[in-house]
Amino acid sequence: MLLDLNDDVLQLIFARLHGSFALNAALTCRRIHDYVIHRVAAVISCNNGRELPSLHRYLCAGTHPRAQYVEELSIYCHCFAPSNPSNPNGSLLLVPPDSNHARIVGDILVNARMLRKLALRPFDSLAILDARIIPSVASLSSTVEAELDGVGSLSIQSLRGTWSACLRNLLIRAELHDKINSLDPLLDLLRCSPNLSTLTLREFNVAAVAPASRSHTLHSFPAITHLRLSHVTVAVADIIPLCPNITDVRLYFLRPHTDYSITGQRWPPLRTLELEACQAPFLEDVLPPAVHCLKLYGKMTSYNTQNEHLAVLRQTSPVSLELRTDAAIDSTFWAAFAAAAPRLRDFTLYISRPLDDKYGDWVLAFPRMLRSLPLVALDMRLPRMERRPIALPSAVYACFEALPLRVADAIPTLKAFTLTATRPPTENDAQAPDARRQTQPVFSHDENGVEGPDPDAFETVLRTDGLGRQDIVRTWRIVHTEDGRVLESLTNRQAARLKRFLDDASLEDIQRIDEHLDEFSNHVAEGC
């Protein structure tokens, strides 16, 4: 019986409930009620400013406001109103919060002293209207995760020096069009959180500063390991060398400053680096000498972009690479590609090409261009079918069956191959097409109740259209036998374990992938 468990165990169990689940449990009996009733208000999410008055009444009424029990709070204070009031069915206009919204948010934050997670949007607009908001946020001592949207330079100045020391995950999106003259106020703010491990900065427009004038080089953030810089100016990347233990970096710059480049100490070796190849010229002096996993955004569509990609590969020498390309890349480029990335073993390749009459011939010839790459695992993602159920050339379907063996024969070092492609309709589907019939993939639930593809199936069906065609993902193991190279299909469970292995494995482990593939097969065979 549940109630036979001791108090500590019951408390741990009911601490996982919130909202209606906690309320239903509280209604079962007095003892459970006492454990769980405060959890009803533990997680609060408000996605529209119009809902704030009722939320205020629920959380702040009485002498013992429910807000004191809130642990996760997400408030989005904007309202949506018709752009033309006389036509309420027309387009919607985003209306910023008013003083009443700010007062309500201020009341909630003053009483919510147990917050572990906070998401507040838009921060600056609310803080200007209610002076209690910034001190309330700054005094939250238990917050481990925060998302502040629309933060201006004045708010950063006000928050620095009084931030939660428990913070581990922080996302700040700067106020649009707010130009920041220096990183120093932000760095002073981050210094208050010595345990911060994941930092995301969005839309920070920091002015370029001459190297001799950069005072923030004295800062250091050894706890930060994951850094996401999205839609920022190049100067924001100066924060990277201040994080000596950084492992994962994602960069996406705003319009590059032609008069500014990042100089100074070269970044340490990274586990993961994500950036656009066209950003490389601004990072030439600081890119690390080794990156395990490199993800390059932007397709190779011209001679210039090809050279940019090759330059990044030469400098970072990745073991794992994610890349997008079109069909115009010839074998000469791939030979130079192999020379630029001698450590490359795991390759995810997105291919963009029109589904025309030449598509099948090109795809079947493409594996020969990759023969000089020392790949162990290849994940090839071909163009998926159009949303409209139009007829496709038969050559598109022909490559689905023939491509895996072509790849296995072309790359002698390859041990695992994953293909995302369009499979032709079955004979019955082809005889009775129905453009209105579109089915969704069939999912099952794992032991934790999480929905996903059937783990024991040999493929994942992404979508089926009205003509019976299917976008599928399938993985094979490539085995050497006396009769040549043989393809063995992996189940979705085995493919998922392979993906996790490749994400975590070192170069030496990837070289011994056959041993791990045997372990995957034995693990599944034993029913684990």
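**Exercise 1. Locate leucine 3 and state whether it is buried or exposed, or in between.**

Leucine 3 lies in the segment before helix α1 (7-14); helices (H or I, at least four residues) and strands (E, at least two) are DSSP runs, numbered from the N terminus. The model is predicted, so that local features need pLDDT of at least 70 and side-chain atom pairs count only at pLDDT 80 or more, while totals for chains, interfaces and linings use all residues. Residues are numbered from 1 along each chain as its sequence is written, and side-chain values use heavy atoms, with hydrogens and water left out.

Step 1. Buried means under 20% relative accessible area, exposed over 50%, and partly exposed in between (1.4 Å probe, protein chains only).

Step 2. The relative accessible area of leucine 3 is 32%, so this residue is partly exposed.

Step 3. Contact means heavy atoms within 4.5 Å. Not counting residues up to four places away in sequence, leucine 3 touches Cys29, Arg31 and Ile32.

Step 4. Leucine 3 and isoleucine 32 are 29 residues apart along the chain, and their C-alpha atoms are separated by 8.3 Å.

**Exercise 2. Determine whether the length of helix α5 agrees with its number of residues, and describe its start.**

Step 1. The expected span of a helix is 1.5 Å times one less than its number of residues.

Step 2. Helix α5 (residues 99-111) has 13 residues and should therefore span 18 Å; its end C-alpha atoms are 19 Å apart, which agrees.

Step 3. At the start of α5, a side-chain oxygen of aspartate 98 comes to within 3.1 Å of the backbone nitrogen of asparagine 100.

Step 4. Among the buried residues of α5 are His101, Ala102, Ile104 and Val105.

**Exercise 3. Describe the surroundings of aspartate 379 and of threonine 325.**

Step 1. Aspartate 379 belongs to strand β17 (residues 377-381). Its relative accessibility is 12%, so aspartate 379 counts as buried.

Step 2. A polar contact is a pair of N or O atoms within 3.5 Å; within protein, one must be able to donate a hydrogen and the other to accept it, and residues adjacent in sequence count only if both atoms are side-chain atoms. The side chains of aspartate 379 and arginine 381 make such a contact at 2.9 Å.

Step 3. Leaving aside neighbours within four places in sequence, aspartate 379 is in contact with Phe347, Thr348, Leu349 and Thr418.

Step 4. Threonine 325, in strand β15 (residues 320-326), has a relative accessible area of 1% and is therefore buried.

Step 5. Not counting residues up to four places away in sequence, threonine 325 touches Lys299, Met300, Leu349, Tyr350, Ile351 and Ser352.
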